[in-house]
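Let's take a look at how aromatic rings meet inside a protein chain. Have the sequence and the 3D view open as you read.

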Amino acid sequence: MSEGIKPLLAAEGWHVIHLFYSIDQTQWSILSRQEQREAKTNLTELVQEIRSYQDTQLLSYSIVTPKADLGFMLMTPDLQDANAFEKRLTLSLGPDILQPVYSYFSQTESQEYQGAETECDSEAKQQNLYPVLPEWPAICFFPMSMHRSDNHYWYALDYETRHKLISEDKSVTENNSDRIIQIITGSTGLDEHEWGVTLLAHDTTDIKSYATSMRFTELSAKYREFGDFYIGLNLPLNDLFKRICI
C-alpha cells in the first residue's frame, strides 16, 4: 500500500472478494510468445506476493462451465489491500485479457449467518472470523439471502422459531464436516445478497450431496433465496494456465 493511505480494517475478521473472469483469447493471441510468457510470470509472481502478505489467503481455480474461465477467492484484513490486489489481478495478464464476468464482496462474521442473537462459542467464533482455506480440489460459491415474502418472512419470526430452524440446519453441516468446509460471509449493505457461501470439498459429488441435504431443511425450503452457483477446480498455476488455454 502507498504511504499515507489509511488502512480500512474490519472491526473483526477479514474482507473477502470472489472474482470471476473470462479470457479474451483474441487479445491473448495478439501477444508474442515472449509477451505471453512474461504475462504468465507476472500473474504467478503477483499470486505469490499476495499470498505472502500477513493473514492473507488467495485461491485460484478453473471454473467449470462457460460462466467463467478463471476464479479467485481473496481474504485479507485490510480493504485497501484487497482493493489494490483485485485491480492488479485484473490487469495481471495485460489490458483486456482478463474480462470480469462476476464478483462478490463480503466480510467474515462472528455470529451465525441466519441472524441468531446468541454468540458462537469462542472456538467457533474464531473459525468464523478467521477461517483457513485448505487446498482442497473443489470449490463452490453462491450468494444467498432470506425471504421477505408475506408468507415466509424470516425476520418477522420469533427467536424460538429461528433458533429451532437454525439448529436443524447446523446438524446437517456438522454431519458433513469431514467432507465439506462451509464459509459463510456477510454482505448486507456490501453486495446484492445478504451472504456469500463458499464450499470447499474433495469432490463435487460431496458438494452436490451436501446441497441436496440442505435444500430439504425447513429453513432452506421456506426462507432461503440463492444466486448462481460457481463451481471451480483448485489447480497449481501451471496447470491452470494449460486448462484455460493460455
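Two rings of Phe, Tyr or Trp (for Trp, the six-membered ring) count as a pair if their centres lie within 6.5 Å. Keep in mind that this is a predicted model. Searching the whole structure turns up twelve aromatic pairs.

Let's pick one of them. The ring centres of Y102 and Y230 are 5.2 Å apart, and their planes meet at 5 degrees, so this pair is stacked; the cut-off for stacking is under 30 degrees. The two partners come from distant parts of the chain, 128 residues apart. Here they are side by side:

| Residue | Strand | Relative accessible area |
|---|---|---|
| Y102 | β4 (residues 98-108) | 18%, buried |
| Y230 | β9 (residues 230-234) | 8%, buried |

Both get the label "buried" because the cut-off is under 20% relative accessible area.

What else do these two rings meet? Ring pairs link Y102 and Y230 with F20, Y104 and F141 into a cluster. Y230 also has K67 lying over its face, at 5.3 Å from the ring centre.

Now zoom out. The chain has eight helices and nine strands, and buried residues make up 46% of its 246 residues. Does the overall size look like that of a compact globule or not? For 246 residues, such a globule would have a radius of gyration near 18 Å, and the chain has 19 Å, which agrees. Its C-alpha atoms fill a box of roughly 65 × 45 × 35 Å along the principal axes.

Conventions. Residues numbered from 1 in each chain as written. Predicted model: local features only at pLDDT ≥ 70, side-chain atom pairs only at ≥ 80, totals over all residues. Heavy atoms only, no water. Phe/Tyr/Trp six-rings, centres within 6.5 Å; stacked < 30°, edge-to-face > 60°. Helix = DSSP H or I, 4+ residues; strand = E, 2+ residues; numbered from the N terminus. Buried < 20%, exposed > 50% of the residue type's maximum accessible area, 1.4 Å probe, protein only. Lys NZ or Arg CZ within 6 Å of the ring centre and 35° of its normal. Rg over C-alpha atoms; globule rule 2.2 N^0.38 Å.
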